[in-house]
Amino acid sequence: MQEGYEVILAIVNAGSSEVVVNAARSAGANGGTILHGRGSLTPEAAEELGLAISPDKEVIMILVKVEIRDAVLQAINEVAGLQTNGNGIAMSLPCTDVVGLNFE
């Protein structure tokens, strides 16, 4: 088992996943998995945050080495953050073990 990885989750408006994956690759990631989803933000929360409600979402999961996590998050934010058409957020979560992949 390998350690030292994190999974980055980016949640963006539908149609924005390709720009996220391309930005992540430019920062050193190998690729990702794209899932289709639906947001459930209340109108009150959207108004408070200053966001337009677009319920159709794409969730991109990207496994990266911890060393490039910050660069990948920054690259995603630049192309698909809240101030872009992607209107997205990104976060990272630690992975305690990874099997089945070889990033060496």
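Start by selecting G28, just after helix α1: this glycine takes a positive phi of about 110 degrees. Keep in mind as you go that this is a predicted model.

From G28, step back into helix α1 itself, residues 17–26. Show the side chains of S17, V20, V21, A23 and A24, which are the buried residues to look at here. Now turn the view to look down the helix axis. These residues cover an arc of only 165 degrees around that axis, so they lie on the same side of α1. What do they pack under? Colour β1, β2, β3 and α3 (69–80), which are included in what covers the buried residues of α1.

One of those covering elements makes a good next stop. Select strand β1, residues 5–13. Is this strand mostly covered or mostly open? It is mostly covered, with eight of its nine residues buried.

Next, bring in the partners of β1, one at a time:

- Add strand β3, residues 56–65: nine bridges join it to β1, and the two strands run antiparallel. To find your place in this pairing, pick V7, whose bridge partner in β3 is L63.
- Add strand β4, residues 89–95: seven bridges join it to β1, again in an antiparallel arrangement. Here, pick Y5 and look across to C95, which stands opposite in β4.

Now move to strand β2, residues 33–38, and select G37. Is G37 buried, exposed or partly exposed? With a relative accessible area of 29%, G37 is partly exposed, because that value falls between the 20% limit for buried and the 50% limit for exposed. Switch on contacts around G37: leaving aside neighbours within four places in sequence, you will find P55, D56 and K57. Then draw a distance from the C-alpha atom of G37 to that of V59, which gives 6.7 Å. Along the chain, these two residues are 22 apart.

For the last stop, go to the loop between α3 and β4 and select N87. What is there to see in its backbone? Phi of N87 is near 45 degrees, a positive value in a residue other than glycine. Most residues other than glycine have a negative phi, so a positive value is worth a pause. Before you leave, show the surface around N87: at 15% relative accessibility, this loop residue counts as buried, since the cut-off for buried is under 20%.

Definitions and conventions. Residues are numbered from 1 along each chain as its sequence is written. This is a predicted model: local features need pLDDT of at least 70, side-chain atom pairs count only at pLDDT 80 or more; totals for chains, interfaces and linings use all residues. Side-chain values use heavy atoms; hydrogens and water are left out. Helices (H or I, at least four residues) and strands (E, at least two) are DSSP runs, numbered from the N terminus. Buried means under 20% relative accessible area, exposed over 50%, partly exposed in between (1.4 Å probe, protein chains only). Contact means heavy atoms within 4.5 Å. Two strands pair if DSSP finds at least two bridges between them. The arc is that of the directions from the helix axis to the C-beta atoms.
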